[in-house]
Amino acid sequence: MTAYIRTWLTRVGDAFWLLPMAMTIAGIIGAVLLVGVDRGGGVPSWLLDSAWIYNGSGTGARTLLGAVASSTIGVAGTVFSITIAALSLAAGQMGPRLLRNFTRDRGVQATLGAFLGTFSYALMVLRSVRTDDDGPFTPHLSLTVGVALAFVCVALLIYFVGHMAGRINVDTVIDLVSDDMHDAMKRITVDEPGEPPPLAAFWDGASPVVDRRHGYLQEIDADQLADWAAQQGIAMRLLVRPGDYVFPGAPIAVVTRSVEGADAVIRTVTALGDTRVSSDDIEFAIRQLVEVAVRALSPGINDPHTAISVLDRLGSALCELAEKSLPSGVHLRHGRAALVRPTVDYDGLVDAMFHMIRQNATGSVGVLARIVEVLGAVASCEPDTLRIAALSRHAGLVLDDAKRSVKNPSDLADLRDRHAAFEAAAAKRIEPARS
């Protein structure tokens, strides 16, 4: 159940409609309360005589509130149109998976909510205004607040134009996705390596657990599942991790001994969805960045500088990972492995970061050279020889691709020199570790 709650909270937090709806409701409630204050005579006479409070007639109040309501709803439509245009541009230039970074933007939501809230507020106050023929009533305080809200909307409109101009900048988008990647890496990394998973022979004769659902695994309550396995006196190994697609009828886990109700427990502690979104799925954030680079390298866009910016962020993430360990996925209970779940390893991370960029950068000497430079920078701060071997493998793949695709001897010689510099940087890190 915890997994479902976390998934629901994530969806609500990312929902575009939540903040505008809340601000609209707040505008309606605020109008009702302030009109009640005006009707009850709660505004002191000295404040009514102040130059800061509206003290005109009911006819003027209706005209003013009508102008506020009509202008705010009109500008709200403009704000919505600009947002849709920005979403279309982002989907075409940087990939549809990045739309989530625009729709959950609190600045855009707050701007649209302010206009809709002010419109609702003005309508609610307008309905309470009475002229001389109806029994005069002018809500002076409520109307003054409505005018103040109109000026707030003007300020937010200025902010919104500048904000959207910055948000559609590709470097800004790269930074936002890079922040998501760093946050995900901080959540999944640990200071010390965990217990190694049992050998393959440990699972000989294990019974599969089938799941009839389908969708992307978004959340899992691993501690609750490990507690259940320990209570049953079994060990369980999950076959999927957050971000993987669960196929209906395919095994989702194996257990050392068949236990009735294992499939029901797994359904309880896991949450599936139609999209690949998970706080524990670091490869999702990586693939978002990689998609920006791949689209930038397409013939229709041909923007190698954007791909280089992506490579710099990927290298920065790997450098931060140098002093950290990736989780082993083993959950111990009473000193024994109760649950083993698949986790991302270093080779998998590096593959997700560089494979597609390298494959789409064939013939782009600048991007290929930058890949080798980034790998060299990461190798210079990485103390683990196995990780350096993974980096060296990718540097070798870049050089192999360059030999086949780069026709200019001078460019190829430059790539060879950069690869030699990488090998030298890697050797400096390996030799002290061996000694």
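**Exercise 1. Contacts of Leu297**

Work out which residues Leu297 is in contact with in this predicted model, leaving aside its neighbours within four places in sequence.

*Solution.* Start with the location: Leu297 sits in the loop between helix 11 and helix 12. Next, list the partners beyond the four-place window: Pro304, Ala307, Ile357, Asn360, Ala361 and Val367. Now check burial. The cut-off for buried is under 20% relative accessible area, and Leu297 comes in at 15%, so it counts as buried. Finally, try a distance: Thr275 is 22 residues from Leu297 in sequence, and their C-alpha atoms are 25 Å apart.

**Exercise 2. Two positive phi angles**

Find where Asn302 and His334 lie, and decide whether each is buried or exposed.

*Solution.* Take Asn302 to begin with. Its phi is positive, about 50 degrees, although the residue is not a glycine. Asn302 belongs to the loop between helix 11 (282-296) and helix 12 (304-321). Exposed means over 50%; Asn302 has 58% relative accessibility, so it is exposed.

Then do His334. This non-glycine residue also has a positive phi, near 60 degrees. Look for His334 in the loop between strand 7 (330-333) and strand 8 (336-340). With a relative accessible area of 79%, His334 is exposed.

**Exercise 3. Reading helix 2**

Check the span of helix 2 against what its residue count suggests, then say where its buried residues fall around the axis.

*Solution.* Length comes before burial here. Helix 2 covers residues 18-39, which is 22 residues; at 1.5 Å a residue it should span 32 Å, and the end C-alpha atoms are indeed 32 Å apart.

Now pick out the buried residues of helix 2: Pro20, Thr24, Gly27, Ala31, Val35 and Asp38. Viewed down the axis of helix 2, these buried residues stay within an arc of 60 degrees, so they line one face. The general rule helps here: an α-helix has 3.6 residues a turn, so residues three or four places apart point the same way.

What do the buried residues of helix 2 pack against? They pack against helix 6 (106-126) and helix 7 (140-167). As for helix 7, its 28 residues reach 40 Å from first C-alpha to last, close to the expected 40 Å. Its own buried residues include Leu141, Cys153, Phe160 and Met164.

To finish, look at the surface and the helix end. Trp17, Met21, Ile25, Ile29 and Leu33 make a nonpolar surface patch of about 510 Å². Of these, Trp17 lies in the loop between helix 1 (2-14) and helix 2. After helix 2 comes Gly41, with a positive phi near 70 degrees.

**Exercise 4. Tracing a salt-bridge network**

Starting from Arg418, trace its salt bridges with Glu373 and Asp414, and name the network they belong to.

*Solution.* The structure holds 17 salt bridges. Begin with Arg418 and Glu373, whose side chains meet at 1.8 Å, N to O. This pair links distant parts of the chain: Arg418 is in helix 16 (residues 409-434) and Glu373 in helix 14 (residues 365-381), 45 residues apart. Arg418 is partly exposed at 27%, and so is Glu373 at 30%.

Step two is Arg418 with Asp414, where the closest N and O atoms are 2.9 Å apart. Both residues lie in helix 16, 4 residues apart, about one turn. Salt bridges with shared partners join Asp312, Arg370, Glu373, Asp414 and Arg418 into one network.

For another case, try Asp211 and Arg213: their salt bridge is 2.8 Å, N to O, and both residues are buried.

Note on methods:
Residues are numbered from 1 along each chain as its sequence is written. This is a predicted model: local features need pLDDT of at least 70, side-chain atom pairs count only at pLDDT 80 or more; totals for chains, interfaces and linings use all residues. Side-chain values use heavy atoms; hydrogens and water are left out. Helices (H or I, at least four residues) and strands (E, at least two) are DSSP runs, numbered from the N terminus. The expected span of a helix is 1.5 Å times one less than its number of residues. Buried means under 20% relative accessible area, exposed over 50%, partly exposed in between (1.4 Å probe, protein chains only). The arc is that of the directions from the helix axis to the C-beta atoms. Contact means heavy atoms within 4.5 Å. Patches are made of residues with over 30% relative accessible area and no salt bridge: like charges are joined within 9 Å, nonpolar side chains (Val, Leu, Ile, Met, Phe, Trp, Tyr) within 5 Å. Accessible areas come from the Shrake-Rupley method with a 1.4 Å probe; for residues, only the protein chains shown count as cover. A salt bridge is a side-chain nitrogen of Lys or Arg within 4 Å of a carboxyl oxygen of Asp or Glu.
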